[in-house]
Amino acid sequence: MSQTFFTFFFLRLSVLSVFLLTVGCSGPRPILYPNDYLKQVGPDQAELDIEECKQLAEAHVPEHDAATVAGNTAVGAGSGGAIGAVSGAIRGGAGIGAAIGAATGAIVGFIHGLFQTSQPAPAYKSFVNRCLSERGYDSVGWD
């Protein structure tokens with residue numbers, strides 16, 4: 001296999017990873033019931049209040065578990081390396097197969113860990129919901 005193949009492979013993998021991270025990190029948001037207060041202040045003010053409540057929650061409630069992301073990355077790298085080594089051995093290049101498999105597995109594990117932790121903790125959601133409630137909004141769920 002040539003150097004061009006590996007460069008092209010890793011470039012595509014990197015672009016896909018950045019895309020998935022961007023989409024995955026947008027995160028869920030509270031859904032507001034259209035009560036009288038929401039109608040009075042309008043959607044622009046509601047968005048500002050949601051962002052302010054989310055910032056308050058981030059300051060007081062941990063949202064992501066870095067250990068989960070790191071663990072998934074390590075498991076992905078190990079699994080990918082093993083699978084890549086076996087695949088490479090069959091084709092005659094166990095070392096290159098293991099390297100490609102480990103890199104791919106680490107990226108997949110990392111992304112999986114981020115998606116897993118991209119869901120806010122129940123305490124985070126409760127904090128944001130209470131903050132919004134104290135401002136006059138009625139949160140009916142998260143999307």
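These are my notebook entries on one chain, with most of the attention on helix α5.

**Entry 1: the overall layout.** I am working from a predicted model, so I keep that in mind throughout. I looked up the secondary structure and found five helices and two strands in the chain. Reading from the N terminus, I get the order α-β-α-α-α-α-β. I then checked burial: 29% of the 143 residues are buried. For contacts between residues at least 6 apart in sequence, I noted that 79% join residues at least 24 apart.

**Entry 2: helix α5 on its own.** Next I turned to α5, which runs over residues 122-134 and has 13 residues. From first C-alpha to last I get 18 Å, close to the 18 Å expected at 1.5 Å a residue. Just past the helix I came across G136, and its phi is positive, near 110 degrees.

**Entry 3: the two sides of α5.** Which residues of α5 are buried? My list holds Y124, V128, C131 and L132. They cover an arc of only 95 degrees around the axis, which means that they sit on the same side of α5. A reminder to myself: an α-helix has 3.6 residues a turn, so residues three or four places apart point the same way. On the other side of α5 I found P122, R130 and E134, which are exposed.

**Entry 4: what α5 packs against.** I followed the buried residues of α5 to their partners, and these are β1 (30-32), α2 (36-60) and β2 (139-142). I picked α2 for a closer look. The axes of α2 and α5 are 9 Å apart, and the packing angle is about 135 degrees. The two helices are therefore oblique to each other, and their crossing is right-handed. On the α2 side, the contact is made by D49, I50, C53, K54, L56, A57, E58 and H60. From α5 the contributors are Y124, F127, V128, C131 and L132. I had already listed Y124, V128, C131 and L132 as buried, so it was nice to meet them again here.

**Entry 5: A46 in α2.** I stayed with α2 for one last residue, A46. Is A46 buried or exposed? With a relative accessibility of 3%, A46 counts as buried, because the cut-off is under 20%. Setting aside neighbours within four places in sequence, I found A46 in contact with L32, L38 and Y137. I also looked up the spacing to L32: A46 and L32 are 14 residues apart in sequence, and 8.6 Å separates their C-alpha atoms in space.

Notes
Residues are numbered from 1 along each chain as its sequence is written. This is a predicted model: local features need pLDDT of at least 70, side-chain atom pairs count only at pLDDT 80 or more; totals for chains, interfaces and linings use all residues. Side-chain values use heavy atoms; hydrogens and water are left out. Helices (H or I, at least four residues) and strands (E, at least two) are DSSP runs, numbered from the N terminus. The expected span of a helix is 1.5 Å times one less than its number of residues. Buried means under 20% relative accessible area, exposed over 50%, partly exposed in between (1.4 Å probe, protein chains only). The arc is that of the directions from the helix axis to the C-beta atoms. Contact means heavy atoms within 4.5 Å. Axes are lines fitted to C-alpha atoms, for helices over the stretch in contact, and angles run from 0 to 180 degrees between N-to-C directions. Angles under 35 degrees count as roughly parallel, over 145 as roughly antiparallel, 65 to 115 as roughly perpendicular and the rest as oblique. A crossing is left-handed if the near helix is turned anticlockwise from the far one by less than a right angle, and right-handed if clockwise.
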